[in-house]
Amino acid sequence: MSALPKIRPGPPRRIALFGAGTVGRALLERLAGLDEPRLRLCWLANSRRRVGSPDGIAPAEALARLQQGEPHDGSGWLPFAPAPGDIVVDATASEDLAAWHPRWLRQGLAVVSANKLALGGPLARAREIQQRVAAGGFYGDAATVGAGLPLLRCLRELRAGGDRIAGIAGVLSGTLAWLLDGYDGRDAFSARVREAVARGYAEPDPRVDLTGEDVRRKLLILARCAGRVLRYVARLDERGARAGLEALAADDALALGRGNDNRVAIWSCRYRERPLQIQGPGAGAGVTAAALLDDLLRCLR
Ligand SMILES: NC(=O)C1=CN([C@@H]2O[C@H](COP(=O)(O)OP(=O)(O)OC[C@H]3O[C@@H](n4cnc5c(N)ncnc54)[C@H](OP(=O)(O)O)[C@@H]3O)[C@@H](O)[C@H]2O)C=CC1
Ligand SMILES: N[C@@H](CC=O)C(=O)O
């Protein structure tokens with residue numbers, strides 16, 4: 001058994017915490033119990049109010065101080081000149097704040113996020129975050145998938161060891177797992193959903209859980225971490241027809257198209273080992289109108 005890693009000694013790191021809901025409050029409780037002088041809470045905001053103090057805010061008093069705080073516009077702007085070593089914690093589900101993550105990293109700040117919209121959102125943003133981390137930035141994403149289960153860490157360690165991730169399957173929604181576990185249809189499902197919200201399992205908007213959007217975000221984060229790309233693939237074979245999201249290896253034939261490309265592989269008696277492939281823009285007025293004109297001209301033949 002190895003010894004617990006030592007936390008490096010050093011000056012206090014200032015923390016700016018965005019979000020004082022289920023997760024933000026639980027973090028404040030943990031900070032209050034930790035009594036770690038090197039983590040100094042200096043800034044706290046919810047969507048309406050903010051409170052800041054360069055000398056630090058006692059985590060146990062932070063929520064009471066937030067109630068008296070000044071109005072907050074919901075942006076990720078920090079009221080102090082950010083210094084390297086400062087840490088921003090995003091415990092919101094705010095798209096506006098997710099857009100700040102690359103900007104915070106550019107400012108030299110460390111970012112710790114429970115918000116899945118940064119790594120599970122637009123590709124350009126996720127890529128910039130990955131590039132900043134590769135260049136030495138710190139981005140803590142453990143809470144974004146599995147609420148801290150060592151999933152992303154495990155994938156990274158496998159890949160660092162030269163492994164190639166061939167597939168991932170999982171039950172990734174705590175809310176859906178809890179809603180379906182033992183449900184016998186006797187109680188109203190809506191009452192069960194309300195209880196999942198009260199238990200703090202659900203997203204700020206529980207429709208994000210119920211529609212599968214939360215799982216899609218997590219799958220995207222996992223796929224990006226595993227070096228795979230997501231494509232919505234239609235398959236037709238002797239087992240039947242199906243369509244859905246698939247995580248493909250980056251060099252998979254179906255993953256290579258760009259933009260609005262359709263890419264189709266056809267297996268036949270003739271093309272048994274390597275499929276015949278057709279690729280090109282699969283949507284747009286110009287190409288569609290040209291196809292109509294092709295058919296019109298064929299009528300003349
Ligand atoms: N609950 C869970 O088990 C888990 C949650 N997560 C993630 O953690 C995040 C937070 O979830 P949870 O705590 O349950 O959600 P809550 O709805 O309980 O809390 C969200 C908090 O974010 C605040 N907020 C929203 N927009 C802004 C903004 N622009 N600036 C500052 N604060 C803002 C809200 O303010 P206000 O109070 O004013 O509305 C609220 O305090 C989500 O991204 C979720 O996906 C990740 C893993 C597990
Ligand atoms: N709403 C999410 C919370 C964790 O990410 C879930 O139910 O899994």
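How far is a nitrogen atom of ligand 2 from an N or O atom in the side chain of D209? The answer is 2.7 Å. Keep in mind that this is a predicted model. Here's a quick tour of the domains, the surroundings of both ligands and a nonpolar patch on the surface.

**Domains**
- The domain assignment splits the chain into domain 1 (13-144), domain 2 (174-211) and domain 3 (235-297).
- Taken over C-alpha atoms, the centres of domain 1 and domain 2 are 28 Å apart.
- Both of those domains matter for ligand 1: its shell takes at least three residues from domain 1 (13-144) and at least three from domain 2 (174-211).

**Ligand 1**
- There are 25 residues around ligand 1, and the ones that come nearest are V23, S47, R48, T92 and E203.
- Sorted by class, that shell holds 11 nonpolar, 11 polar and three charged residues.
- Backbone atoms do some of the polar contacting: an N or O atom of A20 sits 3.0 Å from an oxygen atom of ligand 1, and one from T22 sits 2.9 Å from an oxygen atom of the ligand.
- S47 joins in with its side chain, where a polar atom lies 2.6 Å from an oxygen atom of ligand 1.
- On its own, ligand 1 has 900 Å² of accessible area, and the protein covers 80% of that.

**Ligand 2**
- The residues around ligand 2 are K116, L172, S173, G174, T175, Y201, A202, E203, D209, D214 and K218.
- By class, that shell comes out as three nonpolar, three polar and five charged residues.
- Two helices, α7 (174-180) and α10 (213-225), each put at least two residues into this shell.
- E203 turns up here again: an N or O atom in its side chain is 2.8 Å from a nitrogen atom of ligand 2.
- D209 does something along those lines, with a side-chain N or O atom 2.7 Å from a nitrogen atom of ligand 2.
- T175 deals with an oxygen atom of ligand 2 instead, placing a polar side-chain atom 2.5 Å from it.
- Ligand 2 on its own has 250 Å² of accessible area, of which the protein covers 84%.
- E203 is listed around ligand 2 and is also among the residues that come nearest to ligand 1.

**Nonpolar surface patch**
- V264, I266, Y271, L276 and I278 make up a nonpolar patch on the surface, and together they have about 390 Å² of accessible area.
- Strands β10 (261-266) and β11 (276-281) are the elements that give two or more residues to this patch.
- One of the patch residues, L276, lies in strand β11.

Note on methods. Residues are numbered from 1 along each chain as its sequence is written. Chains are lettered from A and ligands numbered from 1 in the order in which they are written. This is a predicted model: local features need pLDDT of at least 70, side-chain atom pairs count only at pLDDT 80 or more; totals for chains, interfaces and linings use all residues. Side-chain values use heavy atoms; hydrogens and water are left out. Domain bounds come from an automatic or database domain assignment. A residue is near a molecule or strand if one of its heavy atoms lies within 4 Å of it. A polar contact is a pair of N or O atoms within 3.5 Å; within protein, one must be able to donate a hydrogen and the other to accept it, and residues adjacent in sequence count only if both atoms are side-chain atoms. Accessible areas come from the Shrake-Rupley method with a 1.4 Å probe; for residues, only the protein chains shown count as cover. Helices (H or I, at least four residues) and strands (E, at least two) are DSSP runs, numbered from the N terminus. Ala, Val, Leu, Ile, Met, Phe, Trp, Tyr, Cys and Pro count as nonpolar, Asp, Glu, Lys and Arg as charged, and the others, Gly among them, as polar. Patches are made of residues with over 30% relative accessible area and no salt bridge: like charges are joined within 9 Å, nonpolar side chains (Val, Leu, Ile, Met, Phe, Trp, Tyr) within 5 Å. A salt bridge is a side-chain nitrogen of Lys or Arg within 4 Å of a carboxyl oxygen of Asp or Glu.
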